[in-house]
Amino acid sequence: MWALTLLLLAGVTRAAIPNAMLRGMHSLPKLPVPERYLTSSNGAALPPITTVYHFDQLIDHNDAGLGIFQQRYWMNWEFYEPGGPIILMTPGEGNADGYEAYTTNETISGLIAQQQNGAAIIIEHRFFGYSNPYDNLTSQSLELLTIQQAIDDLVYFATTVDLPMPGGDAVKPGQAPWILIGGSYSGALTSWTMVNKPGIFWAGYASSGVVEAITDYYDYFTPIREYMPQNCSSDVEAVIAYLDDMYAANDAAGIQTLKEAFGLGDVVHIGDFATALQSNLFDWQSLQPDVGPGAMFFEFCDALEVKDGVNAGPEGWGLDNAINSWGNFWNTTYYNNVCGYEDAETCLGTYNTSQSYWTNVTVNNANRSWFWMVCNQVGWYQVGPPECEPAIVSRILQPSYAQRQCVNMFPEAFAYPPQPTTAETNTMYTGWDVDIPRLFFANGLRDPWREATVSADGLNKPNTTSRPIYEGDGFHCTDLVVRNAIVDPTIAAVQEAGLMYMKEWLTEWKPSA
């Protein structure tokens, strides 16, 4: 879906993303790399967990003759003892630098390694960071960025790698149990891999796994609307309804006045203005249980709902105050956070295809690589809801707004706005219908990606001992981080269940080679 680290970008860096949808990318929370020396279970000194290893990965799993590329990975075997599991995780759609902590017991993958005397690995996804089959991200190169190639990468790694630890050449599947772990898109990739290539990974753990590809993903905003302060959602709904009514009435003058109230009078196209207003809502995805009232999302709601030290009631302060307060927040605080020194049209416009954002094909450009996957296979366009549902996002925004940008980004690949092949993706990898054994799902009630997971409202997927589904009160991928359990007992319960099932399933494993 689309990835969480980018939501934490600010200032000029964030201004380089005129497409607000990509601020809603789903990625994993980053943790500081622990500053401590590591030793193995027998007391031997280990390399720092920041040590980068390289694996000879196939460029194309359908044509081995194309050769190999260097795929980066990181590894920690401080808890490993012979017979223990190998725990593999990819952070998914981003540069894997900075995710080394996911090999330690500050995360669920490291906890499993500690409990089961295993080794933990982080591997970088193809076409992200510096694990690139080719030295560019042109449309032609990106033809090899598919879900299936990513699945085959994980399988080829597990079945052929000689790991750098003692005995690391004798721990392939069949010789040792492998556990696949992921969060968000990589959580979905965990499910899709176990469905597509059964028998390689003995067990899986999918946190906030967005297993269902959805083109019109307006439900991204449903948990946000449900769990944000009600007075804040009431006033946001009032402003959005006002904008949509003016758009329906073709009231150009009224729309221009509203844009100017936000300091965005220079934004030419109404869709780009409507998208800018989404930005405040995307800040929800960066929340975690230990985040306090100083978070940007709560600053936004406080700006709308606290007047002269008094909080508005559930109905909010009403339209006029909401426009003035929200607009003032953009003018005094938020514009600089999003756009820095850029003018509004340069920062937020999506029609000038000469901008480097659209034309930059150098590697380590997560936005471009992820956009390719979105345009082709998974969709997840975060748009306005149907008329029958409350709207905190403008209904001006429909999938066509995003699909036009696919042509902007990849004119060589798309002569006209493409439809992502979401139905084919769900058929091939079973989506919500996943029923693979020994796969643990962990989800959060407050996660904006919840409706693409197996905990989606109305899905009522049963929780079974072979395919458990646990849901805490958390946000996006909350259960992956150990410290979140200290703050929220529902997260502790999810983590404890995951550890219990991994222990139980590993007792059932028997070597086959």
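The paragraphs below go through a set of helices, a short strand and several backbone details in a predicted model.

Helix α7 is a convenient place to start. It covers residues 230-248, and its 19 residues should span 27 Å at 1.5 Å a residue; the end C-alpha atoms are 26 Å apart, so the two values agree. The buried residues of α7 are N231, C232, S233, D235, V236, V239, I240, L243, D244 and M246. An α-helix has 3.6 residues a turn, so residues three or four places apart point the same way. The cover over the buried residues of α7 includes α6 (222-227), α8 (252-261), α9, α10 (296-305) and α11. After α7 comes N250, with a positive phi near 55°.

Two of these neighbours can be described by how their axes meet α7. With helix α9, the axes come within 12 Å and cross at roughly 175°. Angles over 145 degrees count as roughly antiparallel, and α7 and α9 are therefore roughly antiparallel to each other. On the α7 side the contact is made by I240, L243 and Y247, and on the α9 side by I270, F273, A274 and L277.

With helix α11, the axes of α7 come within 9 Å and cross at roughly 95°. That crossing makes α7 roughly perpendicular to α11, because angles from 65 to 115 degrees are counted that way. Here D235, V236, A238, V239, I240 and Y242 of α7 meet L319, A322, I323 and W326 of α11. I240 of α7 takes part in the contact with α9 and also in the contact with α11.

Helix α11 itself departs from a straight course. It has 21 residues (319-339), yet its end C-alpha atoms are only 26 Å apart, short of the 30 Å that a straight helix would reach at 1.5 Å a residue. A bend of about 55° is found in α11 at T333. The residue that follows α11 is G340, whose phi is positive, near 60°.

Back in helix α9, which covers residues 270-282, lies T275. Is T275 buried or exposed? Its relative accessible area is 2%, and the limit for a buried residue is under 20%, so T275 is buried. The side chain of T275 makes a polar contact of 3.1 Å with the side chain of Y401.

A second threonine, T215, sits in strand β7 (residues 214-216). At 16% relative accessibility, T215 also counts as buried. Leaving aside residues up to four places away in sequence, T215 touches G379, W380, Y381, P399, Q403, Q419, P420 and T422. With T422 there is also a polar contact between the two side chains, at 3.2 Å. The C-alpha atom of T215 is separated by 9.2 Å from that of A423, although the two residues are 208 residues apart along the chain.

Two loop residues remain, each with a backbone angle to note. N364 lies in the loop between α13 (356-359) and α14 (366-378). Its phi is positive, about 65°, although N364 is not a glycine. At 32% relative accessibility, N364 counts as partly exposed. R438 is in the loop between α16 (422-429) and β11 (439-444). Phi of R438 is near 60°, again a positive value in a residue other than glycine.

Technical notes:
Residues are numbered from 1 along each chain as its sequence is written. This is a predicted model: local features need pLDDT of at least 70, side-chain atom pairs count only at pLDDT 80 or more; totals for chains, interfaces and linings use all residues. Side-chain values use heavy atoms; hydrogens and water are left out. Helices (H or I, at least four residues) and strands (E, at least two) are DSSP runs, numbered from the N terminus. Buried means under 20% relative accessible area, exposed over 50%, partly exposed in between (1.4 Å probe, protein chains only). A polar contact is a pair of N or O atoms within 3.5 Å; within protein, one must be able to donate a hydrogen and the other to accept it, and residues adjacent in sequence count only if both atoms are side-chain atoms. The expected span of a helix is 1.5 Å times one less than its number of residues. The bend at a residue is the angle between axes fitted to the seven residues ending there and the seven starting there. Axes are lines fitted to C-alpha atoms, for helices over the stretch in contact, and angles run from 0 to 180 degrees between N-to-C directions. Angles under 35 degrees count as roughly parallel, over 145 as roughly antiparallel, 65 to 115 as roughly perpendicular and the rest as oblique. Contact means heavy atoms within 4.5 Å.
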